[in-house]
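These are notes for a colleague who is meeting this structure for the first time. They are arranged as numbered points, to be read with the sequence and the structure at hand.

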Amino acid sequence: MSIYDVVILGGGPGGYNAAIRAGQLGLRAVCVEGRATLGGTCLNVGCMPSKALLHASELYDAAMGTEFANLGIEVKPTLNLAQMMKQKDESVAGLTKGIEFLFRKNKVHWIKGWGHIDGPGKVTVTDSQGGKTELNTKDIIIATGSEPTPLPGVDIDNKRILDSTGALSLTEVPKHLVVIGAGVIGLELGSVWRRLGAQVTVVEFLDRICPGVDGEAGKTLQRSLSKQGINFKLSSKVTSATTSATGVQLSVEPAAGGTAELLEADYVLVSIGRRPYTQGLGLENVGLATDKRGMLANKGHRTEAAGIWVIGDVTSGPMLAHKAEDEAMVCIEQIVGKAAEVNYDLIPNVIYTKPELASVGKTEEQLKAEGRAYKVGKFPFTANSRAKINHETEGFAKVLADERTDEILGVHLVGPSVSEMIGEYCVAMEFSASAEDIALTCHPHPTRSEALRQAAMNVEGMATQM
Ligand code: FAD
Ligand code: NAD
């Protein structure tokens, strides 16, 4: 029997960050991970491989279309999909090995296998050969992540009907890819395959893409993606799928009901959300139960069972790697008795399409619903000199500030490289900055970040470059 201070179930961004912080703080920590590699969904089949394909496909598309030619670069690219997948897999392998290195550096143990809670402070790990290891611990952190939500009638086989993992490793470019769900995964992976030559149709139940993002930002992104050739069928639902050796026939109806139409596709991506993963954890042995979706509730990362904590996708809040990471560090600090908390109001959100969409804080819709008086400062990338010379002028920066105090309440960016720029506003908002604070801060020229400053200036109608 091995004795630890903390046993962490799951080696994703929640689990591995908790393990590393525990090691840093001198706890005897072990991370239990059933996959062959560390890094969880994010590193293995999520954030990282999707960004690898987004990057490669963006360059291919630029070379294939008119973008390179307009810059005076004349090339005739040929797609080597096997190489594109290989470089993605190699990058992923490097990253997962990196977590192993960080574990060694911080004296964290990794036990390969699936963890099961047998009772308070007791975990059994079963490895791939059926071998068992018993662990005794003061605290247990559940960081078991999430899995794709299934769609009844459209069964994922990862041959023709794919989840995100299947869509990240296709060996051919689809002729027609139908994406069910216009959320983050649908738009990012739809973009990858559209850029590589597929016809892409996105079927979305609601009357808008990406519910939850600022309405104006969402509409702008949808317009750009439509111009790139992605076809959107909003307010529509898929009711059944028939699979053959070569493709899938989908029945699609208006969301409100009505006449069905048939859509033929050679591949279908089901991306209608993810659900917490808690199967086979032995929760009943410590008196815990999930809600209907499988989610474990928490109060300050504690479950209702003493000594059992929960972080990341498996519990409430946005299913994002950086949210899991923040919770991991705060959870460990609480375990050692330090004061720490996650600021859930300031978790940024990014969609890595072209243009990108990045936001933090409240949307206009949320502020209106709260009845909060606010001012809007907007600045289009068409008026930003760096975006102009780079021919990347789609989108805008929008700053929402309190009408009375000028405090920044929300920031919504659609445009080039905005994923890298939203951090400026995360820091500013963490320090309760006003729009004027950003407006008075010198930004380097020529950069796209000047658009962020101009938007802040425009909260008082004082942008100088439009
Ligand atoms: P996970 O990363 O899911 O890790 C949980 C781990 O626990 C898994 O490895 C699993 O094998 C293991 N596990 C489960 N049960 C047990 C058990 N009983 N014993 C041992 N191990 C167990 N988020 C972003 O912020 N940015 C992005 O760009 C982004 N892109 C994404 C793209 C895709 C295609 C997908 C699917 C997701 C993406 N996400 C992104 C979401 C992100 O991957 C998750 O929010 C994040 O991985 C959650 O971390 P986690 O540690 O809670 O869970
Ligand atoms: P999502 O919640 O982002 O989007 C799901 C979409 O499917 C929604 O628009 C929803 O209205 C729609 N939908 C639901 N049921 C439907 C149905 N029956 N028919 C048609 N449409 C339907 O979910 P996702 O795109 O699957 O992503 C899952 C999670 O992964 C997200 O919560 C996200 O946080 C995370 N993720 C993040 C990133 C990123 O940060 N860039 C990238 C990928 C995934």
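Which backbone atom of Ala321 lies 2.9 Å from an oxygen atom of ligand 1, one of which elements? The reply opens the first point.

1. The model under discussion is a predicted one. In it, the atom of Ala321 that lies 2.9 Å from an oxygen atom of ligand 1 is a backbone N or O atom. The protein covers 94% of the 1,000 Å² of accessible area that ligand 1 has on its own.

2. Two further polar contacts of ligand 1 deserve a look, and they involve different kinds of protein atom: a polar side-chain atom of Asp313 lies 2.8 Å from an oxygen atom of the ligand, while a polar backbone atom of Gly34 is 3.3 Å from a nitrogen atom of ligand 1. Asp313 is also listed, together with Gly14, Glu33, Thr41 and Lys51, among the residues that come nearest to ligand 1, out of the 38 residues around it.

3. As to where the surroundings of ligand 1 come from, at least two residues of the shell are supplied by each of helix H1 (13–24), strand S2 (29–33), helix H2 (40–45), helix H3 (47–64), strand S4 (114–119) and helix H9 (321–335). The largest share, 4 residues, belongs to H2. By residue type, the shell around ligand 1 divides into 15 nonpolar, 18 polar and 5 charged residues.

4. Turning to ligand 2, the residues around it number 22, and those that come nearest are Ile185, Glu204, Gly273, Met319 and Val350. Oxygen atoms of ligand 2 take part in polar contacts with the backbone: one is 2.8 Å from a polar backbone atom of Met319, one is 2.9 Å from a polar backbone atom of Gly273, and one lies 3.3 Å from a backbone N or O atom of Val184. The protein covers 78% of the 840 Å² of accessible area that ligand 2 has on its own.

5. Why can ligand 2 be said to lie between domain 1 and domain 2? Both domain 1 (2–148 + 275–344) and domain 2 (161–272) give residues to the shell around ligand 2, and therefore the ligand lies between them. Among the secondary structure elements, helix H7 (residues 184–195) gives the most to this shell, with 3 residues. The shell around ligand 2 is made up of 14 nonpolar, 4 polar and 4 charged residues.

6. Away from the ligands, the structure holds 24 salt bridges. One of them joins the side chains of Lys227 and Glu394, with a distance of 3.3 Å from N to O. This pair links distant parts of the chain, 167 residues apart, since Lys227 belongs to helix H8 (residues 215–227) and Glu394 to the loop between helix H11 (385–389) and strand S21 (396–402). Side chains of opposite charge can pair when their charged atoms come close.

7. On the surface, Leu71, Ile73 and Val75 form a nonpolar patch, and together they have about 250 Å² of accessible area. Leu71 itself is placed in the loop between helix H4 (67–70) and helix H5 (81–105).

8. Some points of backbone geometry may be checked by eye. The peptide bond that joins Lys354 and Pro355 is cis, with omega about 0°, and Pro355 is found in the loop between strand S18 (349–351) and strand S19 (356–361). The bond from His445 to Pro446 is also a cis peptide bond, with omega near -5°, and Pro446 lies in the loop between helix H13 (435–439) and helix H14 (449–457).

9. Lastly, Lys107 has a positive phi of about 60°, although it is not a glycine. Lys107 is located in the loop between H5 and strand S3 (109–112).

Technical notes: Residues numbered from 1 in each chain as written. Chains lettered and ligands numbered in written order. Predicted model: local features only at pLDDT ≥ 70, side-chain atom pairs only at ≥ 80, totals over all residues. Heavy atoms only, no water. Near = heavy atom within 4 Å. Polar contact = N/O pair within 3.5 Å; in protein donor to acceptor, adjacent residues only side chain to side chain. Areas by Shrake-Rupley, 256 points an atom, 1.4 Å probe, with all protein chains shown as cover. Nonpolar A, V, L, I, M, F, W, Y, C, P; charged D, E, K, R; others polar. Domains from an automatic or database assignment. Patch = residues over 30% accessible without salt bridge, like charges linked within 9 Å, V, L, I, M, F, W, Y side chains within 5 Å. Salt bridge = Lys/Arg side-chain N within 4 Å of Asp/Glu carboxyl O.
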